[in-house]
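Here are some comments for a colleague who is looking over the model. Please read them with the sequence and the coordinates open.

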Amino acid sequence: MTILYRYVTREILASFLIVLVAVLSIYVAVDFIEKIDNFMEAGVPSTRCVVYLLYKLPFIFVQIAPVGFLLSILVALGLMNKNNEVIALKSCGIGKGRLLKPTMVLGVFFCAGLFLVAEMLVPVFMVNANQIWLQEVRKKNIYASKTNDIWMRAARQIIHIKQYVPEEKRVVGITIHIFDEDFRLIERVDAAAGVFENGRWQLDDAVQQIFETDSGDQRIQLRNTITADIDLNPDDLAQAAKQSDEMSLAELWRYIQKVEREGYGATRYRVDFHSKIAAPFVCIFLSVLGAGIALRDNMREGMPVNITYGLGIAFLYWIFNSFCLSLGYAEMMPPVIAAWLANLVFFSFAGFLLLIAN
């Protein structure tokens, strides 16, 4: 590694560390202020809120690291440009391509690092964070294996849900066991499906069994529709059910195969699968974008304006990527294209900015 590469790399990493600490501190502080009231109302010590936020740190890092990387490039190369260091390098025959190389190498390393953190740390830590929030704060005693095979124990009730469809707030295959004060089974309800409407669960094609504990008699009723009196809302199910962020790529792929073998749609999970692969590559696009903006001559006239440009383009990328993913979820775009289209479009745009940089 040449002296120039070491210098540029050191400046970018130093700026990244400062930006990362600042953004992480703000993010955690805001999240703490937002969540502490819920912990206090639930009678949970504030130390558990700190533990909850520590468990979320890998997830937060994955979310903010790309923007921090972009800011670090804009600051480091922008200061070099403002201090005429770039002009001095050009006068020695060193072009912008030589300055782009260390940023691209760092982009590849950041891409690999984000992939490893998202694959190895985020799933484990987010499971623990969600358990604290759901069981200790929300007081919901729910066990779920992804979005299928969900068990819940409430007051004198044990509920089993075969499949939960988050986007439709619908359950498929639900069984409710109701017990008396002596924990004797007094009623069982089996339903083919159910949907959450007007704050209640409406179950379809239900079989209601009522057990007389004194006489031992049993009555069976077939109901087209029944309103279930259970303390369970879609938000609880969505948080209890294991999400894509809580699964590794291999685990998510196995789950997709399992869901499709059972006859259910897995489009959302296919989009999430390809998105988990495509997301870290945004660092490579941002390395080109940051260099293209920072090496412009007018950086000397107003570096804050150029930083604003960079953040604005990053925000547009986030909007466009979210739009593409939404089209993928709605099956209006193939999952692979939905996950990668924003990367391809904005990488091309970043390359164009680099080419027109003087």
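**Notes on the predicted model**

1. Since the model is predicted, the points below concern computed features, and the opening one is the position of Leu54, which lies in helix α2, the element that covers residues 46–82. With a relative accessibility of 48%, Leu54 falls in the partly exposed class, because that class ends at 50%, above which a residue counts as exposed.

2. Leu54 can also be placed relative to Val28, which is 26 residues away from Leu54 along the chain, while the C-alpha atoms of the two residues are 9.0 Å apart.

3. Turning to the cysteines, how many disulfides does a search of the whole structure find? The search returns zero. Cys283, for its part, takes part in no disulfide, and the cysteine sulfur nearest to that of Cys283 belongs to Cys111, at 6.4 Å; the pair does not qualify because a disulfide requires the two sulfur atoms to be within 2.5 Å.

4. On the accessibility of the cysteines, Cys283 has a relative accessibility of 0% and is therefore classed as buried, the limit for that class being under 20%. Cys324 is likewise buried, with a relative accessible area of 1%.

5. A nonpolar patch on the surface deserves a look in the viewer: Phe315, Leu316, Trp318 and Ile319 make it up, and together they have about 440 Å² of accessible area. One of these residues, Ile319, sits in helix α9, which runs over residues 303–329, and at 40% relative accessibility Ile319 is counted as partly exposed.

How values were computed. Residues numbered from 1 in each chain as written. Predicted model: local features only at pLDDT ≥ 70, side-chain atom pairs only at ≥ 80, totals over all residues. Heavy atoms only, no water. Buried < 20%, exposed > 50% of the residue type's maximum accessible area, 1.4 Å probe, protein only. Helix = DSSP H or I, 4+ residues; strand = E, 2+ residues; numbered from the N terminus. Patch = residues over 30% accessible without salt bridge, like charges linked within 9 Å, V, L, I, M, F, W, Y side chains within 5 Å. Areas by Shrake-Rupley, 256 points an atom, 1.4 Å probe, with all protein chains shown as cover. Salt bridge = Lys/Arg side-chain N within 4 Å of Asp/Glu carboxyl O.
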